[in-house]
Amino acid sequence: MSTPSTASLSIRRLTTRDLSACADLSEDRSWPREEHKWGLLLTAGTGYGIDDPGGGLVAACVVTAYGPQDQPELAAIGMVLVSERHARQGIGRRLMRQVMADLGTTSLTLHATPYGRPLYEELGFKAVGRVEMVRGHFTPSGPEPEVPTRPATAEDLPAILRLDEEVFGPDRTHMITRLPAFADQLRVAEVDGRITGYAAAWPNMDTHVVGPLIARDTQTAKALIASLAARTDGPLRTDIDVRHEELLAWVKERGLTSTSFNAVMTYGIGELPGDWTRRFAPLTVAAG
């Protein structure tokens, strides 16, 4: 029996029932399985996949849209993966073209590895920034920022959502309201009864990922990271906008080391909306 051409394999929507297959595909490309993250993305976003007739997935990606449901203002594309056996056959390009066609005039963003960047540039994406992934055990050193932080409560959610939209730009209520269940920690910085920043730490394999990290200033961002680190024994990982040089130097002085850089790319928009000066790290690079 002949094997169907990959060009004839249809693209379909993924659901949470495909979580294990998505994790298997990650593992096939030597990425971590990241089932916890896949679960969030498939629930809050829209998954695209191509089935392998032999079982599993040939390719997958997830789109997380922000703003009004009927006309999103921005959509983040992430977890673009093609199995090793089917790599370099144009499948990733085909999948991306389908996603872009479905999203129409919606502005797009993604974080590109050096390996994936040429494809995205071919499709018309432009690099507008860069993030640095840092990882390691956080070790306090010297006086820490004296910005008060505390665990977030249900009563804080409206203020967190207002701050998030002010800084991020498009409304992402459907993602932020999932943080209390998704993250092991959700903390806020508060000054004179006003929330000036918030951050989450969520489990991902053997690390806790810090994200999102939104703060009034660098001192507030430092305080939030320190408060999260003080309440976990494992290594931290986060992806910091390289323009936040002071914060990057500070976390490196406390044990985190650089592991990689990703390009922040956009399509249909010159710069990302919102206020980058208060946006220190994304929830995850897959969802912006």
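**Entry 1. Surface and overall form**

How much area does the chain expose, and what share of it do carbon and sulfur atoms supply? I looked this up at the start: the chain exposes about 13000 Å², and carbon and sulfur atoms supply 50% of that area. Accessible areas come from the Shrake-Rupley method with a 1.4 Å probe, and for residues only the protein chains shown count as cover.

I noted that this is a predicted model, in which local features need pLDDT of at least 70 and side-chain atom pairs count only at pLDDT 80 or more, while totals for chains, interfaces and linings use all residues. Residues are numbered from 1 along each chain as its sequence is written, and side-chain values use heavy atoms, with hydrogens and water left out.

I recorded nine helices and 13 strands in the chain; helices (H or I, at least four residues) and strands (E, at least two) are DSSP runs numbered from the N terminus. The chain is as compact as a globular protein of its length, because its radius of gyration of 19 Å is close to the 19 Å that the globule rule gives for 288 residues. The radius is taken over C-alpha atoms, and the rule is 2.2 Å times the number of residues to the power 0.38. I also read the span of the C-alpha trace along its principal axes, which is about 70 × 35 × 30 Å.

**Entry 2. Burial, contacts and charge**

I found that 52% of the 288 residues are buried. Buried means under 20% relative accessible area, exposed over 50%, and partly exposed in between (1.4 Å probe, protein chains only).

I then turned to contacts, meaning heavy atoms within 4.5 Å. Of the contacts with a separation of 6 or more, 72% are between residues 24 or more positions apart.

For charge, I noted 30 positive and 36 negative side chains, with the centres of the two sets 4 Å apart. Lys and Arg count as positive and Asp and Glu as negative, whereas His and the chain ends are not counted. The place of a charge is NZ of Lys, CZ of Arg, CG of Asp or CD of Glu.

**Entry 3. Strand pairing**

Two strands pair if DSSP finds at least two bridges between them. I followed strand E1 (residues 11-14), which runs antiparallel to strand E2 (residues 46-51) and is joined to it by four bridges. Ile 11 has Ile 50 in E2 as its bridge partner.

E2 also pairs with strand E3 (residues 57-66), in the antiparallel sense over six bridges. Here Tyr 48 has Cys 61 in E3 as its partner. E2 and E3 form a hairpin with five residues between them, and Gly 55 in the turn has a positive phi of about 115 degrees.

I looked next at strand E12 (residues 257-267), which pairs with strand E5 (residues 107-112) in the antiparallel sense over five bridges. Thr 109 is matched with Thr 266 in E12. Strand E6 (residues 126-136) pairs with E12 as well, antiparallel over nine bridges, and Val 134 stands opposite Ser 258.

I kept one general point for reference: in a regular strand the side chains alternate between the two faces of the sheet.

**Entry 4. Helix H2 and Leu 42**

Why is helix H2 (residues 35-44) described as largely enclosed by the rest of the structure? I found that seven of its ten residues are buried, so the description holds. Among them are Trp 38, Leu 40 and Leu 41.

I chose Leu 42, in H2, for a separate look; its relative accessible area is 6%, so Leu 42 counts as buried. Not counting residues up to four places away in sequence, Leu 42 touches Leu 14, Thr 15, Thr 16, Leu 19, Cys 22, Gly 47 and Val 62. Thr 64 is 22 residues from Leu 42 in sequence and 8.9 Å from it in space, C-alpha to C-alpha.

**Entry 5. Backbone details**

I noted a cis peptide bond from Gly 211 to Pro 212, with omega near 0 degrees. Pro 212 lies in strand E10 (residues 207-215).

Ser 30 has a positive phi of about 65 degrees although it is not a glycine. Ser 30 is in the loop between helix H1 (19-28) and H2, and counts as exposed because its relative accessibility is 70%.

Met 205, also a residue other than glycine, has a positive phi near 60 degrees. Met 205 lies in the loop between strand E9 (194-204) and E10, and its relative accessibility of 52% makes it exposed.
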